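Me: Please take a close look at one part for me, the surroundings of the ligand, and explain the terms as you go.

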Amino acid sequence: DLAARGGRVLLSSPVTAIRDEGDRVAVTAGGQTLRVDRLVACGGLSSDALAAMVDDPGDVRIIPFRGEYYHLRAQLRDRVRGLVYPVPDPRYPFLGVHLTRDLTGGVHVGPNAVLALALEGYRWRDVNPRELARVLTWPGMRRLAREHWRNGLAEMAGSLSRRRFAAAVRRYLPEVQAGDLTRAPAGVRAQAVRRSGELVDDFVIRSSGRVTVVRNAPSPAATSSLAIAEHIVGQLVGAEGRP
Ligand SMILES: Cc1cc2nc3c(=O)[nH]c(=O)nc-3n(C[C@H](O)[C@H](O)[C@H](O)COP(=O)(O)OP(=O)(O)OC[C@H]3O[C@@H](n4cnc5c(N)ncnc54)[C@H](O)[C@@H]3O)c2cc1C
C-alpha cells in the first residue's frame with residue numbers, strides 16, 4: 001500500500017542519527033542521509049535510543065519484559081473454545097497468563113512477564129551487560145523492584161519451572177499438567193517505567209520540532225495500530241494545518 005502511494009520501505013537500515021535542521025529533518029539510516037519534512041519514530045524497544053538522538057530522553061525509560069509462551073497439547077485444545085483470561089490486576093499493565101486459540105486451531109498459553117536481561121532478551125541466556133546496567137541503574141527500576149519484588153520472583157519461578165507455570169494455568173483449566181505444555185517462542189515488551197517507578201500503562205507520544213517519538217506503545221498497540229496512526233496524523237495536522 002505504501003509503495004503504491006509513492007512511499008519507500010528501507011529494510012535493514014537502522015537509524016543512527018536524527019538531526020532537526022529547522023525546515024527539514026535529516027535522518028541517517030543504513031549509511032545514507034535522507035531529508036524529510038516530518039519524522040515519526042516508532043522504535044519499540046529502541047525508542048529510548050531514538051528519543052536521545054532528538055532531545056533529552058526525559059522521565060521514562062524502556063524496560064524490557066519478556067513474555068514467555070507454551071503450546072497446549074493437541075488433545076486438550078477442544079477445552080478452549082475462545083479466549084480465556086484472568087481478571088487483570090490493575091497494578092500491572094500485563095494481563096497475566098491466558099489461553100488463546102490461534103488461526104490454525106492451536107492454543108497458546110502465556111505470556112508471563114519476566115525482566116529480560118537484554119533489550120532483545122528472548123531467552124534467559126540472552127544477556128547484554130551494557131543494556132542490563134542501564135536498566136538496573138534507572139531509579140524507576142529500583143523503586144519498581146522494591147515495591148513488586150514478590151510478584152517478580154513469582155514470575156521468575158514460573159519462567160524457570162514448567163510445573164509452576166502449569167499450576168498458574170490450572171486456575172482456569174484445571175486438568176492441565178506440566179507435560180501438556182511445550183515451549184513456544186517468547187516476545188519482549190517495551191514497557192516504559194517512570195523515574196518514580198510507575199509502570200506506564202498509557203501511550204506516551206512526544207513531539208519536539210519536526211520529530212515525533214512514540215515512547216511507549218503498550219498492548220493493545222498492535223491491535224490499535226491504525227487508530228494510533230490516525231491520532232498521530234491528527235496531531236501533525238493540528239500542528240501544521242496539513243499532514
Ligand atoms: C508477549 C507479547 C504479547 C503481546 N500481546 C499483544 C496483544 O495481544 N495485542 C496487542 O495489541 N499488542 C500486544 N503486544 C504489544 C504489541 O506487540 C506492541 O504494543 C506493538 O508491537 C508496539 O508497536 P511499535 O510499532 O511501537 O513497536 P514494535 O512493534 O516493537 O516495532 C518497532 C520497530 O522499530 C525497529 N527499530 C528499532 N530501532 C530502530 C532503528 N534505530 N532504526 C530502524 N528501525 C528500528 C524494530 O526493529 C521494530 O521493527 C504484545 C507484546 C508482547 C511482547
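Reply: Two strands are said to pair if DSSP finds at least two bridges between them, and the strands themselves are DSSP runs of E with at least two residues, just as helices are runs of H or I with at least four, both numbered from the N terminus. The model is predicted, with local features needing pLDDT of at least 70 and side-chain atom pairs counting only at pLDDT 80 or more, while totals for chains, interfaces and linings use all residues. Residues are numbered from 1 along each chain as its sequence is written, and side-chain values use heavy atoms, with hydrogens and water left out.

By these rules, strand S1 (residues 15-20) and strand S2 (residues 25-29) run antiparallel and are joined by five bridges, one of which links Asp20 to its partner Val25 in S2. Four residues lie between the strands of this hairpin, where Gly22 takes a positive phi near 90 degrees.

Turning to the ligand, we find 18 residues around it, the closest being Val15, Ala217, Pro220, Ala221 and Thr223; a residue is counted here if one of its heavy atoms lies within 4 Å of the ligand. This shell is made up of eleven nonpolar residues, six polar ones and one charged one, where Ala, Val, Leu, Ile, Met, Phe, Trp, Tyr, Cys and Pro count as nonpolar, Asp, Glu, Lys and Arg as charged, and the others, Gly among them, as polar. Strand S9 (residues 181-194) contributes the most to the shell, with three residues. At least three residues come from each of domain 1 (3-59 + 202-240) and domain 2 (62-194), with the domain bounds taken from an automatic or database domain assignment.

Some of the atoms involved can be followed one by one, using the idea of a polar contact, which is a pair of N or O atoms within 3.5 Å; within protein, one must be able to donate a hydrogen and the other to accept it, and residues adjacent in sequence count only if both atoms are side-chain atoms. An oxygen atom of the ligand lies 2.7 Å from a backbone N or O atom of Ala217, and an oxygen atom of the ligand is 3.1 Å from a polar backbone atom of Ala222. The side chain of Ser219 places an N or O atom 3.4 Å from a nitrogen atom of the ligand. Of the 1000 Å² that the ligand exposes when taken alone, the protein buries 57%, with areas computed by the Shrake-Rupley method with a 1.4 Å probe; for residues, only the protein chains shown count as cover.
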